[in-house]
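Let's go through this model together, asking at each step what lies behind the label.

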Amino acid sequence: MKTIKQAKRLLRDAKVPFSCNCSLKPYTSLHIGGKAALLIEAYTLKQIKDSILIAKQCALPYYILGNGSNVLIDEEGYAGCMILLRNYNRIVQREEERVRVQSGMTLKALCDWCLDHELSGLEFACGIPGSVGGGVVMNAGAYGGEMKDVVTRVWYLDPQGEIQIKEREALDFAYRHSCFSHQEGIILEVEFQLHKGKQQEIKAKMEELNERRRYKQPLAHYSAGSVFKRPPNSYASLLIAQAGLQGKHVGDACVSTKHAGFLINLHEASAYDFLTLIKLVQTAVYAKSGIWLECEIIQITPNTTFG
């Protein structure tokens with residue numbers, strides 16, 4: 001395709017690292033998905049900007065992928081530029097108890113850094129498998145904590161390629177939601193307000209939460225975490241279990257017998273298997289309880305464009 005050839009030439013000229021026709025399975029926690037026409041590894045802000053500009057110049061779709069923990073990629077793959085931010089992952093600045101972080105850092109890596117520097121407040125996130133940027137987009141949370149509790153400021157790239165800043169009050173945080181859930185904008189950096197703690201106490205809390213996850217969640221299988229949002233006055237996992245769906249499978253996509261809120265990839269599940277199972281669960285739960293479960297996972301088709 002002419003646009004792909006043009007994009008490859010422009011990416012080389014801009015010194016942006018990329019590969020062609022790469023499987024996206026290793027870049028998602030579900031381990032599902034076809035190949036990306038162009039897989040870009042961005043290490044710097046300039047490389048992020050250049051990648052987006054080149055995609056637009058070449059009329060190609062582009063998508064920003066953090067840790068790939070909340071996405072389902074089609075078997076047909078991705079027809080444009082899949083831009084990975086996993087290497088855009090430095091601690092940018094620390095001032096006392098405030099820490100500014102690049103968005104591609106994983107929440108686990110940030111929690112480990114906080115442990116080393118005796119900063120408390122993010123322990124709840126130590127087992128969340130996403131990136132800092134993805135965590136802000138969906139206001140990730142667990143065990144009584146959410147990103148809204150600790151995020152003070154976000155730097156992002158607007159559709160015109162300009163860096164903008166949003167303060168906490170403008171981020172529109174709600175349950176599994178932020179302003180970035182429905183507006184274009186690529187999160188670049190996030191500032192956290194934490195507090196001093198004792199390393200032993202922080203470590204003990206992280207170990208306690210990780211042990212609870214190991215006991216309750218099917219961590220031995222590929223998954224995207226909890227697939228459905230919590231409905232009002234109930235829990236998705238409870239409704240799914242009450243509908244008798246644990247162990248139900250479509251191909252290698254299966255409702256976990258360990259935690260009904262997790263749909264897992266047993267071996268070689270396809271995106272079709274997974275989507276079919278999601279619909280089956282939604283339909284069965286609705287028939288049993290009258291509640292339609294809302295899916296959290298973002299589906300990426302060959303021409304999905306970011307924002």
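Q: In the hairpin of β6 and β7, which residue takes a positive phi?
A: That is glutamate 96, with a phi near 55 degrees, in a hairpin that has two residues between the strands. Keep in mind that this is a predicted model.

Q: How do you know that β6 and β7 pair?
A: Two strands pair if DSSP finds at least two bridges between them. Strand β6 (residues 91–95) and strand β7 (residues 98–102) have four bridges, in the antiparallel sense, so they qualify. One of the partnerships joins glutamine 93 to arginine 100 in β7.

Q: What makes β13 a pairing partner of β7?
A: The two are joined by five bridges, again in the antiparallel sense, and the cut-off is at least two. Here arginine 100 stands opposite glutamate 191 of β13.

Q: Why is β7 called largely enclosed?
A: Because four of its five residues are buried, the rest of the structure largely encloses β7. Confidence in the chain is also highest in β7, at a mean of 98, and lowest in strand β9 (residues 141–142), at 90.

Q: How do you know that cysteine 22 has no bond to cysteine 20?
A: A disulfide needs sulfur atoms within 2.5 Å. The sulfur of cysteine 20 is the closest cysteine sulfur to that of cysteine 22, yet it is 7.3 Å away, so it is too far for a bond. Cysteine 114 is in no disulfide either, with the nearest cysteine sulfur, in cysteine 111, 6.2 Å away. Across the whole structure, the search finds zero disulfides.

Q: Why does cysteine 114 count as buried?
A: Its relative accessibility is 3%, and buried means under 20%, so the label applies.

Q: What makes aspartate 50 and lysine 46 a salt bridge?
A: Their closest N and O atoms are 2.7 Å apart, and the limit is 4 Å, so the pair qualifies. Both residues lie in helix α2, four residues apart, about one turn of the helix. The structure holds 17 salt bridges.

Q: Are aspartate 50 and lysine 46 buried or exposed?
A: Aspartate 50 has a relative accessible area of 16%, so it is buried. Lysine 46, at 54%, is exposed, because the cut-off for that word is over 50%.

Q: What makes arginine 176 and glutamate 296 a salt bridge?
A: The closest N and O atoms are 3.9 Å apart, and the requirement is within 4 Å, so the pair passes. The pair links distant parts of the chain, 120 residues apart: arginine 176 is in the loop between β12 (163–167) and β13, and glutamate 296 in the loop between α7 and β19 (298–300). Arginine 176 counts as buried at 16% relative accessibility, as does glutamate 296 at 13%. Salt bridges that share partners join both into one network with Glu146, Lys148 and Asp149.

Q: Why is aspartate 149 called partly exposed?
A: Its relative accessible area is 40%, which lies between the 20% and 50% cut-offs, so neither other label fits. Lysine 148, its salt-bridge partner at 3.3 Å, is likewise partly exposed, at 33%.

Q: How do you know that glutamine 282 is buried?
A: Its relative accessible area is 7%, and the cut-off is under 20%, so buried is the right word. Glutamine 282 is found in helix α7 (residues 271–289). Beyond its neighbours within four places in sequence, glutamine 282 is in contact with Phe228, Trp292, Leu293 and Cys295.

Notes. Residues are numbered from 1 along each chain as its sequence is written. This is a predicted model: local features need pLDDT of at least 70, side-chain atom pairs count only at pLDDT 80 or more; totals for chains, interfaces and linings use all residues. Side-chain values use heavy atoms; hydrogens and water are left out. Buried means under 20% relative accessible area, exposed over 50%, partly exposed in between (1.4 Å probe, protein chains only). Contact means heavy atoms within 4.5 Å. pLDDT is the predictor's confidence in each residue, from 0 to 100. A salt bridge is a side-chain nitrogen of Lys or Arg within 4 Å of a carboxyl oxygen of Asp or Glu.
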